[in-house]
Amino acid sequence: MIPDRDDIPQEHTWNMEYIYEDLSYWNADLQECSQKKDWPKKEAYEDQLEDPKIAKQLFDQVFSLERWIEKLYAYAHHRYDENLKNTDYKEAYIKVKHLHTEFQQATSWIRPAILSLDEETFLQLLESESLKDYKRILQSMERIRKHTLSEKEESLLALAQQPLSSLHMAFSALNNADLAFAPAIDRSGQERELSQSAYGRYLHSSDRELRKSAYENFLAEYAAHENTFTELLQGKVASHAYLARTRNFQNSLEAALYNNKIDTEVYHNLISTVKENIQALHKYVTLRKKVLGLDELRRYDLYVPLVHYNGFNMSYDEARATVVDSVSALGKEYQTTLRKGLYEERWVDVYENKNKRSGAYSGGCYDSYPYILLNFPVNGGTESLKDSGNLREVFTLAHESGHSMHTQKSRENQPFVDANYPIFVAEVASTLNEQLLLHNLLGKAESREEKAYLISYAIDSICGTLFRQTLFAEFELQLHEWVENGTPITPQLVRNEYQKLHEEYYGPDLVMDPLLGVECLRIPHFYYNFYVYQYATGISAALALWKEITKDAAAKDRYLTFLSSGGSKFPLELLELAGIDMRKKEPIASAIDHFSSLVEQLEALLETTDPVEPVH
């Protein structure tokens, strides 16, 4: 039984009182912000921005307002996520979103106005001592400056954003609301309701008939709408190509990576390095087929756990103690800060409750703790708040703790304008903490079965994050190249390419079927404009850093410097502080070597123990 919000003990809820004592204090601050808001007026600044002191005054005003609104937003957003049916917090959330939109509209003139300055004047602002706190902001503008159009052209592009975004909205509506899946059938002949969320659960089931039925019925619905999905995907890719050409980029990839100063070679290097070492994945697929005892390994057999171990049970108290213990390699200060956050400062909203937002994330604002939302299970109701969670949930705590410690170190060491780190590096700290946890758990494992269970979990995590996301990245690149070359994108074309990539990545032991190629039509990330590759680069950097930290004390200090740097540099420069160069093959090759080592360990363990349930 899932408890009501009011039945969760306060010590297991996040400390929102740190931001505002209660909603009445929040409302008072919102009212003050709304009444005192002094949006910077274009006419008051536009003819004086060549003066560094005036430009500083403008930036000070804008970022002070942004910080204030961010604080209001964080409180309302997190309180609303506690209970999505709480009308008071929903109303607060809507109010602050409206205020934020008003702020964005009122300040939208600033970037074009600064970029309209002649190059000499702009460079003087960039080098001005008065604006040293905003140098990173100006450096970003300088890059954009080279691809900024006239005021009239920029206005037209701004107007185009809403209709272009409707393609993703149409995909979401079709994908999440309009599809009707036939029920899946399990081995006993019982019908199981099939939905987006249920599909993932069924693919992890030891019941092969259920996996097969879920896979076929799920993708059959996409096949029935493949013309519509293909047109939406082609339209979104074409919009990326249109915007890239309009801004005089060589291609869509360059345009997507340009603002973060990421070389396109980083993208190509990821794909080429993974494919050069793809035999590592082939070997695992062969092992998977052998362990499952299958004559033919199918797409729906790639997620079922190879090792079933019922001895891993942790309460939340045990989980957080283990996570804190696992980060000792990062030093006493790091460990003490995390312990204080998880125990004394109440960073975490721990347990599932009725109407709470699902999933997990790390959030907060510059003036708050780096809060963590979890949905640790409460099995049996409010009297069982110490009931055990599973391995995935313990790793989720480690993952989100990594994010939160990255955020904490950034906010402690960087001003507001430089505290938010870029997406490209966001998964490094979270993945490294997962690796530290795995190492800790393996050191405590008492049986070969438990070790096999942990290693199998780690292998599947790397499969999904490194290999699968790189496959996605290569497919996405091919989509854009087709559009840029004038090749019409048809359902058959995308099916064939997606299946061909699976043959290359997963090797000869994965049997292809006609429905496999349809899967690409359900992936929302293909609408995000070259986003998925960052999952693969992130885990590669994290695994390389973990290796260095375990053998070199100086590597730990470099890593902590990286965490403390927030967004004060461009992404590749931030990773270089930690000693990682993602332009090179080494971090990716090192991650694959680690994967291969895990596969060898698992194979050796499975030769002497039989923890696998029969496959039906």
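Here are some notes on this predicted model, from the overall fold down to two residues, Arg495 and Glu296.

1. **Overall make-up.** A good place to start is the secondary structure: the protein chain contains 24 helices and five strands. Its C-alpha trace extends over about 75 × 60 × 50 Å along the principal axes.

2. **Compactness.** For 616 residues, the expectation for a compact globule is a radius of gyration near 25 Å, and the protein chain has 25 Å, so the two agree. Buried residues account for 54% of the 616 residues. If you look at contacts between residues at least 6 apart in sequence, 75% of them link residues at least 24 apart.

3. **Surface and charge.** The protein chain has an accessible surface of about 27100 Å², and carbon and sulfur atoms supply 46% of that. There are 66 positive and 94 negative charges in the protein chain, and the mean positions of these two sets lie 1 Å apart.

4. **Arg495, placement.** Please have a look at Arg495, which sits in helix α20, spanning residues 491-506. Is this arginine buried or exposed? Arg495 counts as buried because its relative accessible area is 18%, and the cut-off for that class is under 20%.

5. **Arg495, partners.** What does the side chain of Arg495 reach at 3.4 Å? The partner is the backbone oxygen of Pro514. Pro514 also appears among the contacts of Arg495 beyond four places in sequence, together with Ala223, Glu226, Gly517 and Val518.

6. **Glu296, placement.** My other pick is Glu296, in the loop that runs between α14 (279-292) and α15 (316-326). Its relative accessibility is 38%, so Glu296 is classed as partly exposed; that class lies between the 20% and 50% limits.

7. **Glu296, partners.** Within its own loop region, the Glu296 side chain forms a polar contact with the side chain of Arg298, at 2.9 Å. Setting aside neighbours within four places in sequence, Glu296 touches Arg208, Lys289, Asp301 and Val511.

8. **A long-range pairing.** Which residue, 215 residues away along the chain, has its C-alpha atom 6.4 Å from that of Glu296? That residue is Val511, which is also one of the contacts of Glu296. It would be worth having this pair on screen while reading point 7.

Definitions and conventions
Residues are numbered from 1 along each chain as its sequence is written. This is a predicted model: local features need pLDDT of at least 70, side-chain atom pairs count only at pLDDT 80 or more; totals for chains, interfaces and linings use all residues. Side-chain values use heavy atoms; hydrogens and water are left out. Helices (H or I, at least four residues) and strands (E, at least two) are DSSP runs, numbered from the N terminus. Buried means under 20% relative accessible area, exposed over 50%, partly exposed in between (1.4 Å probe, protein chains only). A polar contact is a pair of N or O atoms within 3.5 Å; within protein, one must be able to donate a hydrogen and the other to accept it, and residues adjacent in sequence count only if both atoms are side-chain atoms. Contact means heavy atoms within 4.5 Å. The radius of gyration is taken over C-alpha atoms; the globule rule is 2.2 Å times the number of residues to the power 0.38. Accessible areas come from the Shrake-Rupley method with a 1.4 Å probe; for residues, only the protein chains shown count as cover. Lys and Arg count as positive and Asp and Glu as negative; His and the chain ends are not counted. The place of a charge is taken as NZ of Lys, CZ of Arg, CG of Asp or CD of Glu.
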